[in-house]
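Here is a short briefing for a reader who is new to this structure. Please look over the sequence and the model first, then work through the points below.

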Amino acid sequence: METVLSGIRSTGNLHLGNYFGAVRNFVKMQENNHCFFFIADYHSLTTYPAPEDLHNSVRTVLSEYLACGIDPEKSAIFVQSDVREIPELYLLLNMNAYVGELERTTSFKDKIRTQPDNVNAGLLTYPVLMAADILIHKANKVPVGKDQEQNLEMARKFAKRFNFMYKTEYFPEPMPYNFGEELVKVPGLDGTGKMGKTAGNGIYLIDDAATIRKKVMRAVTDSGPTVENQTPTEPIQNLFTLLKLVSSTDTSDFFENQYKNCSIRYGDLKKQLAEDIILFTAPIREKILEINADKEYLRKTARVGAEKARESASKTLEDVRRIIGFKTF
Ligand code: TYM
């Protein structure tokens, strides 16, 4: 049995990128693995959420996670900040993380570009906190989308370095959990790049039908194919990628063929895509609304999840402290 860990930042709602990149596999995963699913609220502090919003965001993501089929009886679903062992492991791992390698990560370089006024140390050590999340449960499988590939590689690096420094084989090397497929990158609707919370280019599981239609109809396209069998430009390829995720093979083949023979009308493609997204997300949305209204269920679930997570985390931390050489008098 493998130990699987999956995390999601508590900033904003779950979008199709989160769903197809990671969450869609959770139901299957929890059947035959030891699963930990958590909401990364410490990570969200890199962008200073208002104190009055912090808890609500966590609650929203918790409801959305559960609505996607996580079973709290089978898995541990918890909030990162409920597990105080994580920051301690983070501190310890920071001692073996080099500033140079952290500065070179793509996500850090992106942040320097996108939020130059707030390049805080939390951003620099973001991969170390992620590694602590993973290693505290000695997870060997981590379901992630393509965007988190490098962070996971860093976690492997820190695990290996710890093992090497202390001449131990304590930490397993966490590998991506991808069900044998390529890591997925779900594109956004703005023509370029990935679907993301901060990018504002996404479709959320909680979006209602009218919102989805509006967003999809506004998706960036181009002026259309002019030559038979030409390679689609990025915005069009992105729409095809989304279509493949939510529509039947017949539907996506139909539009791809129309593209190839230059008869495609993007309006029709978008209409179909919007309706298929709506069909796909509607039952999840209903579930989210239902769960989010049940405060008692959420409270109980988070409490039980935290207990399970702390049990596993405190065991690891105790071992790590011993390996490093701490002793109580
Ligand atoms: P976050 O909240 O950005 O995303 C959560 C999960 O969704 C996947 N994902 C995507 N997959 C494909 N295409 C996309 N457009 C897309 N957008 C998001 C992510 O790969 C991820 O699996 N730092 C993490 C949260 C985290 C974490 C961890 C994850 C903290 N500690 C430990 C795994 C293990 C993050 O911001 O994910």
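## Burial, packing and contacts

F108 counts as buried, because its relative accessibility is 8%, under the 20% cut-off. The model is a predicted one. The points below cover two residues of helix α7, the enclosed helix α9, three helix pairs and the loop residue D207.

**Helix α7: F108 and K111**

- F108 sits in helix α7.
- Beyond its neighbours within four places in sequence, F108 is in contact with L102, E103, V119, L123 and L124.
- F108 and K327 are 219 residues apart along the chain, and 36 Å separates their C-alpha atoms.
- K111 also belongs to helix α7, which spans residues 106-114.
- K111 is partly exposed, at a relative accessible area of 23%.
- Leaving out residues up to four places away in sequence, K111 touches P116 and L123.
- L123 is thus listed among the contacts of F108 and among those of K111.
- The C-alpha atoms of K111 and C68 lie 30 Å apart, with their positions 43 residues apart along the chain.

**Helix α9 and H43**

- Helix α9 covers residues 126-135, and ten of its ten residues are buried, so the helix is largely enclosed by the rest of the structure.
- The buried residues of α9 include the nonpolar Y126, P127, V128, L129 and M130.
- A131, A132, D133, I134 and L135 of α9 are buried too.
- H43 is placed in helix α3, residues 41-44.
- H43 is buried, with a relative accessible area of 2%.
- Not counting residues up to four places away in sequence, H43 touches R9, Q80, Y126, L129, M130 and D133.
- Of these partners, Y126, L129, M130 and D133 are buried residues of α9.

**Helices α12 and α13**

- Helix α12 (residues 234-246) packs with helix α13 (residues 249-260) at an angle of about 160°, and their axes are 9 Å apart.
- That angle makes α12 roughly antiparallel to α13, because it is over 145 degrees.
- By class, this contact has five nonpolar, two polar and two charged residues.
- The crossing of the two helices, α12 and α13, is left-handed.
- From α12, the residues in the contact are I236, F240, L243 and K244.
- From α13, they are T251, S252, F255, E256 and Y259.

**Helices α5 and α15**

- Helix α5 (residues 85-94) and helix α15 (residues 295-324) pack at an angle of about 30°, with 9 Å between their axes.
- The two helices, α5 and α15, are therefore roughly parallel to each other.
- α5 passes α15 in a left-handed crossing.
- On the α5 side, E85, E88, L89 and L92 make the contact.
- On the α15 side, R310, A313, S314, L317, V320, R321 and I324 meet them.
- The residues of this contact divide into six nonpolar, one polar and four charged.

**Helices α4 and α15**

- α15 also meets helix α4 (residues 51-67): their axes come within 11 Å and cross at roughly 90°.
- α4 and α15 are therefore roughly perpendicular to each other.
- α4 brings R59, L62, S63 and L66 to the contact.
- α15 brings K295, Y297, L298, T301 and A302.
- By class, the contact of α4 with α15 has five nonpolar, two polar and two charged residues.

**D207 in its loop**

- D207 lies in the loop between β5 (175-176) and α11 (209-217).
- D207 counts as buried, at 11% relative accessibility.
- The side chain of D207 makes a polar contact with the side chain of K215, at 2.7 Å.
- A polar atom of the D207 side chain also lies 2.9 Å from the backbone nitrogen of Y204.
- Leaving aside neighbours within four places in sequence, D207 is in contact with G202, I212, K215 and R285.

Methods: Residues numbered from 1 in each chain as written. Predicted model: local features only at pLDDT ≥ 70, side-chain atom pairs only at ≥ 80, totals over all residues. Heavy atoms only, no water. Helix = DSSP H or I, 4+ residues; strand = E, 2+ residues; numbered from the N terminus. Buried < 20%, exposed > 50% of the residue type's maximum accessible area, 1.4 Å probe, protein only. Polar contact = N/O pair within 3.5 Å; in protein donor to acceptor, adjacent residues only side chain to side chain. Contact = heavy atoms within 4.5 Å. Axes fitted to C-alpha atoms, helices over the stretch in contact; angles between N-to-C directions. Parallel < 35°, antiparallel > 145°, perpendicular 65-115°, else oblique. Left-handed = near helix turned anticlockwise from the far one by under 90°.
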